[in-house]
Structure formats: C-alpha cells, structure tokens
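The following paragraphs lead through one protein chain, from the packing of a helix pair to the arrangement of domains and cores. The sequence and the structure are shown first.

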Amino acid sequence: TLVNGVVSHLVQAIRSKDSCFSSVERQSAGSYYERVKISEPNEFDIMLVIKVPRIQLDESDDTGAYYYVSFKRNPKEKGFLKFLDEDGKLSAFKMLNALREIIRQEVKNIKDVEVRVARKKAGSPAITLQIKNPPSEISVDIILTLEACQSWPLSTQGGLKIEQWLGTKVRRDLRFESLYLVAKQNKREKVLRENTWRLSFSHIEKLLINNHGNSKTCCESDGPKCCRKGCLKLLKYLLEQLKMKHPKELEKFCSYHVKTAFLHSCVIWPNDKDWHLRDLDHCFQQCLRFFMDCLQKSQLTHFFIPQYNLLSLEDKARHHFLSRKISHELNNGFPVFH
C-alpha cells in the first residue's frame, strides 16, 4: 500500500512534467510480483514503461543483448529529440537523468511518508527510492523501460526453447509480445558513453513463472499442485543468504542468475509429473545441481539470447567459490537456512 501510494503520486507528476513521459505506464517486475519472494517484502522493482515509435536497433557488442537505439523516422513526439546524442542515438543517460531529476523534485511534495532518492549506483539502470517504514526501510527500484511494438531482434531467434515445456503455440504468441529495453550501461564498451539499452524480458518471465504448467490446470484452485515456484523461491533465498555471508566474493551474482538456471531446468524437465509438490526437496536439489554445473563450466546461457553467456570467463574463481559453497550446503542439510 505504501509503495503503491508513492509510485502513483510519482507517475502522475512524471506524466505532467515532460511530454516525452506523458504516456508512461507502471509495470511491476521482480520476485514480489512473481510471488516468489520468501523474506520480508522490502524490495520492489517497478518498470516505468514508455511506448516509442518504430526504432532501429544496432548491436553494441557480440552478446546480442545491448543495443544503440535510434528512431526510424522523426518521432511525432518532438520531446524525444532532446534526448538524442550527436549521432542521433537515443541516450539512456540523458533520459535517466531527466527522469531522476523529476523524481528528486517530486518526492519533496509527498507529505504523508518520508521518501528519498538514493545515491546513483555506478552502472545500475535503476533510480532507487528509500521509503521510511519504521522500524525498517523499503527500497523501490524504478527502471526506465522503452516498449516498442515490433519484432524481436535476430539474437533472440534461437532462445525461449519452451516447445517441449509449454508448446510451440505459446512460444509463438510470446514472441509477438512487445519488445522491452531498459537503460543499461554496457561495461564492455571501450569508451563509456552511456547510450546503450539492454533487452529486457521481465514481462515474459513473469508470464512464464505465473503460467508454468505443462498441463493448463497446473496449480489452478482445483488442479494438481506443483513445486516449481517453491524451487525458485528456495534458489533465490539460498543465494540471498550466501551473499549475506560472503558479500565481497559473491557481489557479482544476482537473483537473475538463479532465475535463468531455473527456467532452463523447466525446459530440461518439462512435464508436471517431474515437479510433484511432494518432491520439492528432490526438485530443488536437481535445480541446484544444474546451476552448480553451470558454475563449474562458467557457462550459463541467457534464456532468450542463446549467444549471451551470463557468466563472464574472467570470473571463474568466483564461480567456483559459489559452487563450493552450494556444495557444502547440499551435503550438510543447508545450515544457512537455519
């Protein structure tokens, strides 16, 4: 309730302050909204989605995930022009800064709750709000997102291999969904110009996680229950706990790594009978072993972009460190959970 009040107030203000942002819509992402959060709901991800006219995407590296964005023709909404850089590319940096400034000014007008904008985190695509909620604090990541109604880029062609799990028709329908891009700096660029955008599939991931059954009745009120969501919750919780114990060694890992491993596991074991509710323990360990295997090989393929490895080869030592920690947990009845 607290978060909704603050975000609704900000969305109203953002729409009225800049014509570019006048059509902005909020969309919820992340574990709380996928109903896979275990610990306190104290972190929320909110996407602020701006519809853009037809855009041209140019890859900024070989991952197939990062792009430069330019308009195919002059946008009807002239407000976008001020966010173009000297090459005519849409600058994520300029747009984020404008949005951050509106939010920074507007939080001063929120009277009934204490809200502040956290300091900028290098390379993070989010504007983070801290909302006082005694005795603790709630943090809300606001993520600037472009929505384009056009086909997904070539790099996604071989991804989303869900034919055996959810069927060819579901895959085709999902690939007709809009294309999302989030303002995200590409650290691989030689010169950091902060004008790159990264493909985002959080809207599709939410659909997959909430409609996860091989049979259409899985987990419906009178249908058979499975343990898929239970596994994902435990995977996220395990990583969260290990990160708290080893913040320095595990700083490069995030819940997206385990979420990706989980989605791959759903493809490897596509049938509902592989995920009986009573087999939670076995299924969770199966997912973990798959993730450990990825860590051992330093190879975790992005679920939607097959050429993109989420585990960078120069971090091999970190991957092996996490793999050892998980192995210790597996072999000792998960002491970190107690």
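In this predicted model, helix α5 passes helix α8 in a right-handed crossing. Two packed helices are described by the angle between their axes and the distance between the axes. Helix α5 covers residues 228–245 and helix α8 covers residues 316–331; their axes come within 11 Å and cross at roughly 115 degrees. Because angles of 65 to 115 degrees count as roughly perpendicular, α5 is described as roughly perpendicular to α8.

An annotation bears on this part of the chain. An unreviewed UniProt entry lists residues 227–327 as "domain: Mab-21-like HhH/H2TH-like". In the model, this span is 61% helix and 0% strand, and its end C-alpha atoms lie 22 Å apart.

On the wider scale, the domain assignment divides the protein into domain 1, made of 2–158 + 178–200, and domain 2, made of 212–337. Taken over C-alpha atoms, the centres of domain 1 and domain 2 are separated by 27 Å.

The nonpolar interior can now be placed relative to these domains. The largest nonpolar core has 100 residues, and those with the most contacts inside it are Met95, Ile103, Leu129, Val140, Trp197, Leu208 and Phe262. Helix α7, residues 280–297, supplies the largest share of this core, with 9 residues. Where does this core lie with respect to domain 1 and domain 2? Both domains give residues to the core, so it lies between them. There is also a second, separate core of 6 residues, among them Met47, Val49, Ile143 and Val182.

Key. Residues are numbered from 1 along each chain as its sequence is written. This is a predicted model: local features need pLDDT of at least 70, side-chain atom pairs count only at pLDDT 80 or more; totals for chains, interfaces and linings use all residues. Side-chain values use heavy atoms; hydrogens and water are left out. A nonpolar core is a set of buried Ala, Val, Leu, Ile, Met, Phe, Trp, Tyr and Cys residues joined through side-chain atoms within 4.5 Å. Buried means under 20% relative accessible area, exposed over 50%, partly exposed in between (1.4 Å probe, protein chains only). Helices (H or I, at least four residues) and strands (E, at least two) are DSSP runs, numbered from the N terminus. Domain bounds come from an automatic or database domain assignment. UniProt positions are given in the numbering used here, feature names are shortened, and annotations may be inferred rather than shown by experiment. Axes are lines fitted to C-alpha atoms, for helices over the stretch in contact, and angles run from 0 to 180 degrees between N-to-C directions. Angles under 35 degrees count as roughly parallel, over 145 as roughly antiparallel, 65 to 115 as roughly perpendicular and the rest as oblique. A crossing is left-handed if the near helix is turned anticlockwise from the far one by less than a right angle, and right-handed if clockwise.
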